[in-house]
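Colleague: I am new to this structure and would be grateful for a guided discussion of its main features.

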Amino acid sequence: MRSHRKYLWFETPNRRDYINITGEVRKVLKESGIREGLCLVNAMHITASVYINDDEQGLIRDYDEWLETLAPHEPISRYRHNRTGEDNGDAHHKRQIMGREVVVAVTDGKLDLGPWEQIFYGEFDGRRKKRVLVKIIGE
Ligand code: ZN
C-alpha cells in the first residue's frame with residue numbers, strides 16, 4: 001500500500017469564507033499516482049471545516065445565514081469560551097456543525113464523487129494562515 005500526504009494552506013480575507021477545494025484535492029491525487037484507495041481531507045484547525053455539498057452561491061449564503069442563526073458571532077460575551085480573551089466562540093460551534101473531515105473513494109485514479117458533490121473548506125475565523133491535510137492511501 002502507498003500513501004501520499006500534503007497540506008493545503010489558506011489565509012482568507014474575511015472572518016468567514018467557503019472555498020471550493022475540489023480542484024486542489026484532485027491535483028494532490030494526481031501527483032500521488034494512486035489509482036484505487038481512499039482520500040481523507042480534514043481541517044487542521046478547530047474553527048474551520050471540510051465538508052461536501054453543492055457549489056451553488058445561494059446555498060452557500062443560506063449556510064452562512066443558518067450558521068449565524070445557530071451561533072451568531074456577536075455578542076461576543078454570549079460565549080464562555082471568549083472569557084479566555086478570544087472572540088471565536090461562534091467559530092468553534094460552526095466548525096462542530098459543518099464537520100472536521102471528508103473521506104472520498106478513489107476509483108480508477110479519480111475522486112469518486114456524486115454528480116453535484118464538491119469538497120469545500122469552510123472558514124469561520126479567518127484572516128490568518130490555516131491548513132487542511134490531504135492524505136491518500138491505496139495502490
Ligand atoms: Zn477559540
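The questions and answers below concern the sheet, its strands, a helix and a surface patch.

Modeller: Please bear in mind throughout that this is a predicted model.

Colleague: In what order do the five strands of the open sheet lie, and which are the edge strands?

Modeller: The five strands of the open sheet pair in the antiparallel sense. Their order is E1-E8-E3-E5-E6. A strand at an edge pairs on one side only, and the strands that do so are E1 and E6.

Colleague: How many bridges join E1 to strand E8?

Modeller: Strand E8 covers residues 130-138, and its pairing with E1 is antiparallel. Within this pair, Leu 8 stands opposite Val 132 of E8. The number of bridges between E1 and E8 is nine.

Colleague: Which residue is the bridge partner of Gly 37 in E5, and which residue of E6 stands opposite that partner?

Modeller: Strand E3, residues 37-43, runs antiparallel to E5 and is joined to it by six bridges. The partner of Gly 37 in E5 is Val 106. E5 also pairs with strand E6, residues 110-111, over two bridges. In E6, the residue opposite Val 106 is Leu 111.

Colleague: Which residue takes a positive phi in the hairpin of E5 and E6?

Modeller: This hairpin has two residues between its strands. The phi in question is near 55°, and the residue that takes it is Asp 108.

Colleague: Is Val 104 on strand E5 buried or not?

Modeller: The side chains alternate along E5, residues 101-107. Glu 101, Val 103, Ala 105 and Thr 107 point to one face and are not buried. Val 104 points to the other face, together with Val 102 and Val 106, and is buried.

Colleague: What arc do the buried residues of helix H1 cover around the axis?

Modeller: In H1, residues 22-32, the buried residues are Thr 22, Val 25, Val 28, Leu 29 and Ser 32. These residues lie on the same side of H1 because the arc they cover is only 120°. On the other side of H1, the exposed residues include Lys 27 and Lys 30. The arc of the buried residues is thus 120°.

Colleague: Why is Met 1 counted as exposed?

Modeller: Met 1 lies in the segment before strand E1, residues 2-10. With Leu 38, Val 103 and Ile 137, Met 1 makes a nonpolar surface patch of about 400 Å². A residue is exposed when its relative accessible area is over 50%. Met 1 is therefore exposed, as its relative accessible area is 73%.

Key. Residues are numbered from 1 along each chain as its sequence is written. This is a predicted model: local features need pLDDT of at least 70, side-chain atom pairs count only at pLDDT 80 or more; totals for chains, interfaces and linings use all residues. Side-chain values use heavy atoms; hydrogens and water are left out. Patches are made of residues with over 30% relative accessible area and no salt bridge: like charges are joined within 9 Å, nonpolar side chains (Val, Leu, Ile, Met, Phe, Trp, Tyr) within 5 Å. Accessible areas come from the Shrake-Rupley method with a 1.4 Å probe; for residues, only the protein chains shown count as cover. A salt bridge is a side-chain nitrogen of Lys or Arg within 4 Å of a carboxyl oxygen of Asp or Glu. Helices (H or I, at least four residues) and strands (E, at least two) are DSSP runs, numbered from the N terminus. Buried means under 20% relative accessible area, exposed over 50%, partly exposed in between (1.4 Å probe, protein chains only). Two strands pair if DSSP finds at least two bridges between them. The arc is that of the directions from the helix axis to the C-beta atoms.
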